[in-house]
Amino acid sequence: MSSEKAQRKRDMILDKAKELFIQRGYAATSMDELVKYTGASKGSIYYHFESKEDLFVKLLAKQNQEWMEAWNDKKARYASFEEKLYGIADHMVDDFQNPLTKIAEEFYINQPENKTIVGEMLAILQGPRTLYREILAEGADEGRIPAEDVEEISVIFGALLDGMSISYYERSQKESRLLYRKGVTYFLNGVLSSQGS
């Protein structure tokens, strides 16, 4: 199978699997159902993915990559690094509407301690941190935040956004957006005031 044809097949399996996972949930979706729904043979699925877990992790990686690319397409709309921090927080809130987000939570909760899967999940979770680091590096270039602290500040910013995501279950999207914007404001007030000390 040519690499282009194989990639098309892999992408088709991922797209169809995403539909099925959204319909049924992660735990309720079997490999046999994936075979039937995708129209791909079990051998073809196993050619591209080691297991159902591996397929789902690759699906999350693809979604994460698309989220990052969507941010890269819109980041030019924001003039300053502060505006970009607010913008990427809004971008995260917008992603709460992605139905795969809830399925991913189910997957995380039910995942046994599998070092390979955990490593891949960590890599996915660290992807957005590269975007935060890029934004904060702009602030360092402007002399607004300490350059030597950009890495740690990006971890703190990511933890702030990730931690606030729990509020998604308690608030509407509009309320979540307001909360995230307040969180960014508090974050910036702390970071920028510490630079002046």
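A salt bridge is taken here as a side-chain nitrogen of Lys or Arg within 4 Å of a carboxyl oxygen of Asp or Glu. In this predicted model, the structure holds 16 such salt bridges. A handy starting point is the pair formed by lysine 58 and aspartate 54, whose side chains meet with an N to O distance of 2.5 Å. Both residues belong to helix α4 (residues 52-74) and sit four residues apart, about one turn of the helix. Lysine 58 is partly exposed, at 23% relative accessible area, whereas aspartate 54 is buried, at 7%.

Other salt bridges reach across the sequence. Arginine 177 meets aspartate 90 at 3.5 Å, N to O; this pair links helix α9 (residues 173-196), which carries arginine 177, with helix α5, which carries aspartate 90, over 87 residues. Arginine 177 also forms a salt bridge with aspartate 94, with the closest N and O atoms 2.5 Å apart. Aspartate 94 lies in helix α5 and arginine 177 in helix α9, so this pair ties together parts 83 residues apart in sequence. Shared partners join Asp90, Asp94, Arg177 and Arg181 into one network. Within this network, arginine 177 is partly exposed (23%), as is aspartate 94 (32%), while aspartate 90 counts as buried at 15%.

Helix α5 (residues 81-95) also packs with helix α7 (residues 115-141): their axes come within 9 Å and cross at roughly 160 degrees. That angle makes α5 roughly antiparallel to α7, and the crossing is left-handed. From α5, Phe81, Lys84, Leu85, Ile88 and Met92 meet Leu131, Tyr132, Ile135, Leu136, Glu138 and Gly139 of α7. By class, this contact has eight nonpolar, one polar and two charged residues.

Note on methods
Residues are numbered from 1 along each chain as its sequence is written. This is a predicted model: local features need pLDDT of at least 70, side-chain atom pairs count only at pLDDT 80 or more; totals for chains, interfaces and linings use all residues. Side-chain values use heavy atoms; hydrogens and water are left out. Axes are lines fitted to C-alpha atoms, for helices over the stretch in contact, and angles run from 0 to 180 degrees between N-to-C directions. Helices (H or I, at least four residues) and strands (E, at least two) are DSSP runs, numbered from the N terminus. Angles under 35 degrees count as roughly parallel, over 145 as roughly antiparallel, 65 to 115 as roughly perpendicular and the rest as oblique. A crossing is left-handed if the near helix is turned anticlockwise from the far one by less than a right angle, and right-handed if clockwise. Contact means heavy atoms within 4.5 Å. Ala, Val, Leu, Ile, Met, Phe, Trp, Tyr, Cys and Pro count as nonpolar, Asp, Glu, Lys and Arg as charged, and the others, Gly among them, as polar. Buried means under 20% relative accessible area, exposed over 50%, partly exposed in between (1.4 Å probe, protein chains only).
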